[in-house]
Every structure is written in C-alpha cells, then in structure tokens.
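Visitor: Got a minute to go through a model with me? I'd like to talk helix packing, then cysteines.
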Amino acid sequence: MNPAAPDPEAESSLMEHLLELRSRLMRALAGLVVVLLALLPFANRLYAWLASPLLEKLPPGGQLIAVEVASPFFTPIKLAFFVALLASAPWLLYQAWAFVAPGLYQREKRLAVPLLVSAVGLFYAGCAFAFFVVLPSVFGFLTPIKPEGVAMMTDINAYLDFVLVIFLAFGASFELPVALVILVLLGWVTPDQLRAGRGYAIVGIFVLAAIITPPDVVSQLLLAVPMCLLYEAGILAARMIDRRRAD
C-alpha cells in the first residue's frame, strides 16, 4: 500500500504559519532594539536613578564601587536592556497576541485581552511598589545596623542584580490575581474553594515572602501584606468572571 501523498494545502498552511511567526518575531525584536538604542545614551542616568534608594540611606561620603574593570561600562548597559524589555513588553505581547488571536474563538478573545492588560499593569505596579516603597524601607532598615567600623561599599553590579531580583519577585508576585482567575477559568478551582483555603494561602504567602526576599522582616512584610490583599482581589475578580460565565 502506497503511503499517503502529502497534502499540499496542509504544507501551504504550515508554511504560512511559520512565515507569520518569523514576521512577528522580527517585529518584536525590532521594537526591543529601537527602545534599547533610545535608552543607551541615558544608561548612566538610569543607573544613578536606580541607585538613589541606597545612596540616600548611606552615611555622608558613602558611595557605590566598581570591583571589576568593565563594570562601569557594562552594568548601565545591562540596566538599559532590562528597562527596554519592560518598556517594550506591551509591544512584545501584542506581537504574540497577533500571532495567536486568529486561532481563538471570540469568547476566548474577550477573556484573554483583559487578562493580558491586567498582567502587564500588575507587573509594572509590582516593580513600582518595589522601587518606591520596598527598596527605601529595606535600605533604611539595613544600613544603620552594620557593625561598628564597617564601611558599606556595594559593588554596582551586585547592587543591580539585587534590585533586579527584587523587581522580578514583586512583579511576579503581583500577578497573583491573574493567576487565580486563570485557575478558575480552567476549572481547577472555584471561587468558594479559594475563599475556603484563605488560611492556607496566607501561610504559604508568608513562607514564599520569607524565601524570595532579603533576610529582613521589613521586606517580607512588604511583600506578604500586598500579596494577601491581591489574593482577596483575585477571589473577587474570579467570582465576577465565574458569574458572567454562568449567565
């Protein structure tokens, strides 16, 4: 028995999808590069702005240092890339959405768009909360308790890595309401189950906060308390969507 001949229509459709994927990837990369090139001339200013929460808490004469020879050059560029990635996130997500959307039903599109917008907004909110609230509080707590005779002189690359971890931790943690809504939409849990498991969730949140934040009570509370509030917000949002889906 002869093997079935390849379907020309299926091959053509696959080729079209691959070309569309390539086009979307190139557009996404081009947008990221444009934003990065626009930010590179301001890389040093960006780093000075990022370092301000620590520098404001250091004693007079305190400063950051560069341990490695190339750190003063590469560290601001690394920061500029991270800022460019954050700034171009809506464009990158739009390209991903434009590729996936044609294969979705209208109802799925109506649900996906608010979730994507909420996810981006919450991530930005988490980063802003980390910069304007968490970092000043953490450095205000840590810098006065250093041992006598010890000068606090932090390497610029180590400081950047520390801040980026904080940003990612808080940005990802603020996605909790979106995660809860998705779990309800998938049918894995119900809003009533989320409410009944509130106590376990709070314990888990505090344990998670203790793991992913610096070893101080201030940063742990500043992550755990907003996450508890976001958990309640996620329950409310999931309940509203569940009611709309039932109508």
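Guide: Sure, handedness first: a crossing is left-handed if the near helix is turned anticlockwise from the far one by less than a right angle, and right-handed if clockwise. Mind that this is a predicted model, where local features need pLDDT of at least 70, side-chain atom pairs count only at pLDDT 80 or more, and totals for chains, interfaces and linings use all residues. Residues are numbered from 1 along each chain as its sequence is written, and side-chain values use heavy atoms, leaving out hydrogens and water.

Visitor: Is the crossing of α4 and α5 left-handed or right-handed?
Guide: Right-handed. The axes of α4 (residues 89–100) and α5 come within 11 Å and cross at roughly 160° (axes are lines fitted to C-alpha atoms, for helices over the stretch in contact, with angles from 0 to 180 degrees between N-to-C directions; helices are DSSP runs of H or I, at least four residues, numbered from the N terminus). That makes α4 roughly antiparallel to α5, the term for angles over 145 degrees.

Visitor: Which residues of α4 make the contact?
Guide: Ala89, Pro90, Leu93 and Trp97, and they meet α5 residues including Lys109 and Tyr124. Contact here is heavy atoms within 4.5 Å.

Visitor: OK, cysteines. How many disulfides are there?
Guide: Zero in the whole structure, taking a disulfide as a pair of cysteine sulfur atoms within 2.5 Å. The sulfur of cysteine 228 is 20 Å from the closest one, in cysteine 127, too far for a bond.

Visitor: And is cysteine 127 buried or exposed?
Guide: Buried, at 8% relative accessible area; buried means under 20%, with a 1.4 Å probe and protein chains only. Cysteine 228 counts as buried at 16%.

Technical notes. Buried < 20%, exposed > 50% of the residue type's maximum accessible area, 1.4 Å probe, protein only. Helix = DSSP H or I, 4+ residues; strand = E, 2+ residues; numbered from the N terminus. Parallel < 35°, antiparallel > 145°, perpendicular 65-115°, else oblique.
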